[in-house]
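Work through the exercises below with the sequence and the structure at hand. Each task is followed by a solution in steps.

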Amino acid sequence: MTESTIESTAGSTAGSTGGTTAGTEDVWEPHAPTAAGGLRRLYVDGLDLRVSGTGTARGIADGVVEVTAEGAGEVRIEWRVPCVDATALWTPEPRGTGWLPAAWSAPRRTSLANGAPIAALVGTGDVALCAFAAGRPDVLAGAGVVEETGEFRFWAQATDRLTVRIDTSRRHFGRALADLAAWWGEGRTADIPEAARRPAYSTWYSMHQDITPKGVETQAALGKELGLDVIIVDDGWMTADRTRGYGHCGDWEPVSLPDTAAHVRRVHDLGVRYMLWYALPFIGKDSAAYREIGHLALADAAHMGAIVADPRHPEVRAFLTDRLARAVEEWGMDGLKVDFVDWFARADAPPARPGADCESVDEGVERLLAGIRGRITAADPEAMIEHRQPYVSPGLWPYATMIRATDCPLSPQENRQRTVDVRLAAGPVPVHADMLMWHQGEPPEQVACHLINVLFSVPQVSVDLAAQSEGQREAIAFWLGVFREHTATLQLGELLPARPDLGYPMVTARGADTVAVARYAALPVDVSGEDWHTLLVANADADPDVRLTGGRGQVAVTVQDARGRIVRQGEVELDRADAIVVPRGGLLTLRRA
């Protein structure tokens, strides 16, 4: 590990222009601007870098370096690694993982309100061939295969000053990403209410906009019996319109929830926490709010029937903060589902108008979210705030208590991939699944598989619980019990997903003395090591034969089906065990004496 600092100055090597890297082949960049002043070589710990402006680099740990570029205007840091045994490029974006883009592909532009500046080139055996993260949220970043050389090229670009950490340690990519997220979190304390990690009920897929106090209270009561401790009431509570538009957003009057505080108290009497949905940026053109602040628009969302309010204006922030804080301060809600924050992220944002108190939209967004968080936690220190993929930036961690995977109704594999992707970059913030829904005729085994697919996140359920069969209810209750009993491992343990190129056919979480494995394909399960007392294998594959490898010694075995009914108990010798039959949707539990 190199501890020295190396500087790249204007005279160190010949610069390059037009996207050319000194000493290497040209790379065509049809989508990216050229860094001013060209790029210069910079070496540290065997990593060949190109940096514009003044560059410094230092070794942080074995295989980990930190690089900074400074200059007037746009600065860039660029590097390449051999693309050998590479299988996938990982990013935390929806549909962002599982292939290798070309170097000329359009770069990702991240901001405080959209995306996160982190990526990993994953190789055979799930190693991180190269992972990196930037130390600021507003970054333009490219990554892709250089066709002329077979290398994989990364670059990141920002204004004036940029720091990146680069990890070529070849550890499991989950460990490399966890360390990069920990770097983001240095100096930040996580203030996460315990309820933010509890299974929740959502009204969205089950009710859509058909919100009534009776309907909400019925589902809250039924959900509590099954293990759902939070209810999130989505769109529809603020309007009598049921046509799914956003023209009525902005006033945020509880049109469909009369006598709101009393209604919330009835839900609380059930032992259920209550959160309320807000489409934060939207001021609907049919609202009274539009007549008040509609002229302070960041953009026109005509197809949504609304405008996007400009958070650079203090009167916009004050208006929105007052409307959202009311839910907690006056009605006694336990938190807010803050939706569509990514709509603030606009590459075409107009210049700030007179009266704005900040030039940057990101700064306005941060002031807005900080004001909302401050107001509701002053009223209730345990108040929760849900954000949603793709606004997963670490810059938003202080203003969120949970991040939900973006919408993927009735798509278990997609929900699995999105929750795992967000988990890998979310640091201390709990990750919630997109709301689980299924056809009324879904068998209990498939209901269980829906839950197993989001086993390493916080589940949200969104079906009519009154319409569920006995078997469906048993599957829900059993698996929610697993979530609750093993939260420390499933949500807080070390997350080690396998094969991002195949959508994570197996995922492992390691806790203090418990290991949890979810099996989504007919793969053997590694049970080696002496560091576990309890090992769980959740089977979401149609093949029931679970083969255990690498283990030694005698363990107690319990097999439960999708509804939690015990179908086998006994003991086995791990090094002599045949395949153990675990029904689809079932759970295998191994325990050492």
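**Exercise 1. Helix H6**

Task: State which residues of H6 are buried, and name what covers the buried residues of H6.

Solution. The model is a predicted one.
- Step 1. In H6, the buried residues are Val316, Arg317, Phe319, Leu320, Thr321, Leu324, Ala325, Arg326, Ala327 and Val328.
- Step 2. Their cover includes two helices, H5 (288-293) and H7 (361-379). It also includes the strands E14, E15 (282-284), E17 (306-309) and E18 (335-339).
- Step 3. Helix H6 runs over residues 314-329, which is 16 residues. At 1.5 Å a residue it should span 22 Å, and the end C-alpha atoms are 21 Å apart, so the two values agree.

**Exercise 2. Helix H3**

Task: Compare the expected span of H3 with the distance between its end C-alpha atoms, then list its buried residues.

Solution.
- Step 1. H3 holds 14 residues, 213-226. The expected span, at 1.5 Å a residue, is 20 Å.
- Step 2. The end C-alpha atoms of H3 are 20 Å apart, which agrees with the expected span.
- Step 3. Buried in H3 are Pro213, Val216, Glu217, Gln219, Ala220, Gly223 and Leu226.
- Step 4. A general point helps in reading such a list: an α-helix has 3.6 residues a turn, so residues three or four places apart point the same way.
- Step 5. The cover over the buried residues of H3 includes the helices H2 (204-207), H4 (260-269) and H10 (470-485). Strands E12 (200-202), E13 (230-233) and E14 (273-279) are also included.
- Step 6. Gly227, just after H3, has a positive phi of about 115 degrees.

**Exercise 3. Helix H4**

Task: Which residues of H4 are buried, and which residue just after H4 takes a positive phi?

Solution.
- Step 1. Thr260, Ala262, His263, Val264 and Val267 are the buried residues to note in H4.
- Step 2. H3, E13 and E14 are among the elements that cover them.
- Step 3. The residue just after H4 with a positive phi is Gly271, at about 85 degrees.

**Exercise 4. Two arginine contacts**

Task: Decide whether Arg76 and Glu151 are buried or partly exposed, and find a side-chain partner of each.

Solution.
- Step 1. Arg76 belongs to strand E5 (residues 64-82). Its relative accessible area is 2%, so Arg76 is buried.
- Step 2. The side chain of Arg76 makes a polar contact of 2.7 Å with that of Gln157.
- Step 3. Glu151 lies in strand E11 (residues 151-167). Its relative accessibility is 25%, so Glu151 counts as partly exposed.
- Step 4. The side chains of Glu151 and Arg80 make a polar contact at 3.0 Å.
- Step 5. Beyond neighbours within four places in sequence, the contacts of Glu151 are Arg80, Val81, Cys83, Gly144, Val145 and Val146.

**Exercise 5. Backbone angles in loops**

Task: Locate Asp45, Asp85 and Pro390, and give the backbone angle noted for each.

Solution.
- Step 1. Asp45 sits in the loop between strands E2 (40-44) and E3 (47-51). Its phi is near 50 degrees, a positive value in a residue other than glycine.
- Step 2. Asp45 has 34% relative accessibility, so it counts as partly exposed.
- Step 3. Asp85 is placed in the loop between E5 and strand E6 (86-90). Although Asp85 is not a glycine, its phi is positive, about 60 degrees.
- Step 4. Pro390 is in the loop between strands E19 (384-388) and E20 (402-404). The peptide bond joining Gln389 and Pro390 is cis, with omega about 20 degrees.

**Exercise 6. Cys449**

Task: Is Cys449 buried or exposed, and which residues does Cys449 touch?

Solution.
- Step 1. Cys449 is part of helix H9 (residues 444-452).
- Step 2. With 3% relative accessibility, Cys449 counts as buried.
- Step 3. Not counting residues up to four places away in sequence, Cys449 touches Ala540, Arg584 and Gly585.
- Step 4. Cys449 and Asn539 are 90 residues apart along the chain, and their C-alpha atoms are separated by 7.9 Å.

**Exercise 7. The largest cavity**

Task: How many cavities of 30 Å³ or more does the structure hold, and what lines the largest cavity?

Solution.
- Step 1. There are 3 cavities of 30 Å³ or more.
- Step 2. The largest cavity has about 60 Å³ of space.
- Step 3. Its lining includes Trp28, Trp104 and Trp155.
- Step 4. By class, the lining has 8 nonpolar, 3 polar and 1 charged residues.

How values were computed:
Residues numbered from 1 in each chain as written. Predicted model: local features only at pLDDT ≥ 70, side-chain atom pairs only at ≥ 80, totals over all residues. Heavy atoms only, no water. Helix = DSSP H or I, 4+ residues; strand = E, 2+ residues; numbered from the N terminus. Buried < 20%, exposed > 50% of the residue type's maximum accessible area, 1.4 Å probe, protein only. Contact = heavy atoms within 4.5 Å. Polar contact = N/O pair within 3.5 Å; in protein donor to acceptor, adjacent residues only side chain to side chain. 1 Å grid on protein atoms, 1.4 Å probe; cavity = no way out; pocket = protein on both sides within 12 Å on 5 of 7 lines; lining within 4 Å. Points joined across faces, edges and corners; volume = space filled by probe spheres on them. Nonpolar A, V, L, I, M, F, W, Y, C, P; charged D, E, K, R; others polar. Expected span 1.5 Å × (residues − 1).
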